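Thank you all for coming, and please have the sequence and the 3D view open in front of you while I talk. I will go slowly, and I will try to say where each residue sits before I say what it touches.

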Amino acid sequence: MSGFDGWLPQATRYDSPHFDARPGLVPADITLLVVHNISLPGGQFGGPHVSDLLTGRMDYNADPSFADLRGLKVSSHFFIRRDGRVMQYVSANDRAWHAGRSCFRGREKCNDFSIGVELEGSDVVAFEAAQYAALADLTVALKRHYPLTDIQGHEHIAPGRKTDPGPLFDWEYYQNLLKKEAMLVAASAELGLLIGLP
């Protein structure tokens with residue numbers, strides 16, 4: 001785990017200025033993955049506005065609904081587009097500003113010990129198979145570097161304040177994909193051991 005800079009090579013990198021150092025030990029203290037959804041304007045997909053928000057380049061005049069976002073400094077470690085493309089904005093070693101006021105298992109300030117993943121979507125539109133596949137791949141890749149023990153929605157760590165990823169996120173489907181990915185990784189590792197590959 002030592003020496004990993006927190007940037008995953010399979011993700012397209014866009015640097016956000018909205019992050020700071022984690023207060024705990026890295027990577028030992030990074031145990032939670034938080035799943036979100038986002039679309040800007042709400043319910044519209046494919047535009048540049050989510051990346052613009054996460055990188056601090058938002059044109060607040062581009063849509064009337066953006067007025068409420070003025071001055072907001074937020075980020076996420078990852079953003080998964082509808083087609084499964086993965087973007088990364090903050091090193092997973094650093095603290096992104098995605099969860100806000102939050103608590104998990106009695107521990108507040110989830111940003112301190114979590115990795116945030118935004119899915120392009122909304123509470124009222126089903127997510128794409130490509131997004132689930134990308135999220136499962138990303139989760140497995142992150143588990144190689146961080147001792148992730150829990151995966152929660154934003155709604156679970158900020159109940160009453162947040163609703164994402166929402167009722168249409170299929171947790172069972174995602175968990176089944178994770179199991180398949182884990183079996184493939186284990187099989188690959190065993191095969192590598194048997195034939196002497198690094």
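What follows is a walk from the sheet to the cores, then to two polar side chains, and at the end to a pocket.

Please keep in mind from the start that this is a predicted model.

Let me begin with the sheet, which is open and is built from six strands in the order E1-E5-E4-E9-E3-E10, with mixed pairing. The strands at its edges are E1, residues 12-13, and E10, and each of these pairs on one side only. For the first-year students, it helps to recall that strands of a sheet pair through backbone hydrogen bonds, and that this can happen in a parallel or an antiparallel way.

Now look at E9, which covers residues 114-120. On one side E9 pairs with E3, residues 32-38, in the parallel sense and over seven bridges. If you want to find this pairing on your screen, Leu32 stands opposite Ser114, and Leu33 has Ile115 as its bridge partner. E9 also runs parallel to E4, residues 78-80, and three bridges join the two strands; here the partner of Phe79 is Glu118.

How many of the residues of E9 are buried? Seven of the seven are, so the strand is largely enclosed by the rest of the structure. In a regular strand the side chains alternate between the two faces of the sheet. In E9 both faces are covered, since Ser114, Gly116, Glu118 and Glu120 are buried on one side, and Ile115, Val117 and Leu119 are buried on the other.

E3 can be read in a similar manner, for seven of the seven residues of E3 are buried, and so E3 too is largely enclosed by the rest of the structure. Leu32, Val34, His36 and Ile38 point one way from this strand, whereas Leu33, Val35 and Asn37 point the other way. Besides E9, E3 has a parallel partner in E10, residues 150-153, to which four bridges join it, and there Val35 stands opposite Gly153.

From the strands we can move to the nonpolar packing. The largest nonpolar core has 28 residues, and the members that touch the most others are Phe78, Ile115 and Leu142. Two or more residues each come from E3, E4, E9, helix H2 (129-143) and helix H4 (171-195), with the largest share, eight residues, coming from H2. To see this packing around a single side chain, select Leu142, which touches Leu8, Leu33, Phe78, Ala92, Ile115 and Leu148, if residues up to four places away in sequence are not counted. There is also a second, separate core of 15 residues, which includes Val50, Met58, Tyr60 and Phe79.

Next come the two polar side chains that I promised. Gln88 belongs to strand E5, residues 86-88, and is it buried or exposed? Its relative accessible area is 1%, and because the cut-off for buried is under 20%, Gln88 counts as buried. A polar atom of the Gln88 side chain lies 2.7 Å from the backbone oxygen of Gly6, and a polar atom of that side chain lies 2.9 Å from the backbone nitrogen of Leu8. Beyond its neighbours within four places in sequence, Gln88 is in contact with several residues, among them Trp7, Tyr14, His77 and Phe78.

The second is Asp29, which you will find in the loop between strand E2 (19-20) and E3. Asp29 is buried as well, with a relative accessible area of 18%. Its side chain and that of Arg107 are joined by a polar contact of 2.8 Å. Leaving aside neighbours within four places, the residues in contact with Asp29 are Gly24, Arg107, Asp112 and Phe113.

Finally, let us turn to the largest pocket, whose volume is about 580 Å³. Which of its 26 lining residues are the closest to its centre? They are Asn37, Ile38, Glu118, Lys162 and Asp164. E3 and helix H1 (49-54) are the elements that give two or more residues to this lining, and the largest share, three residues, comes from E3.

Note on methods: Residues numbered from 1 in each chain as written. Predicted model: local features only at pLDDT ≥ 70, side-chain atom pairs only at ≥ 80, totals over all residues. Heavy atoms only, no water. Buried < 20%, exposed > 50% of the residue type's maximum accessible area, 1.4 Å probe, protein only. Pairing = 2+ DSSP bridges. Core = buried A, V, L, I, M, F, W, Y, C linked by side-chain atoms within 4.5 Å. Contact = heavy atoms within 4.5 Å. Polar contact = N/O pair within 3.5 Å; in protein donor to acceptor, adjacent residues only side chain to side chain. 1 Å grid on protein atoms, 1.4 Å probe; cavity = no way out; pocket = protein on both sides within 12 Å on 5 of 7 lines; lining within 4 Å. Points joined across faces, edges and corners; volume = space filled by probe spheres on them.
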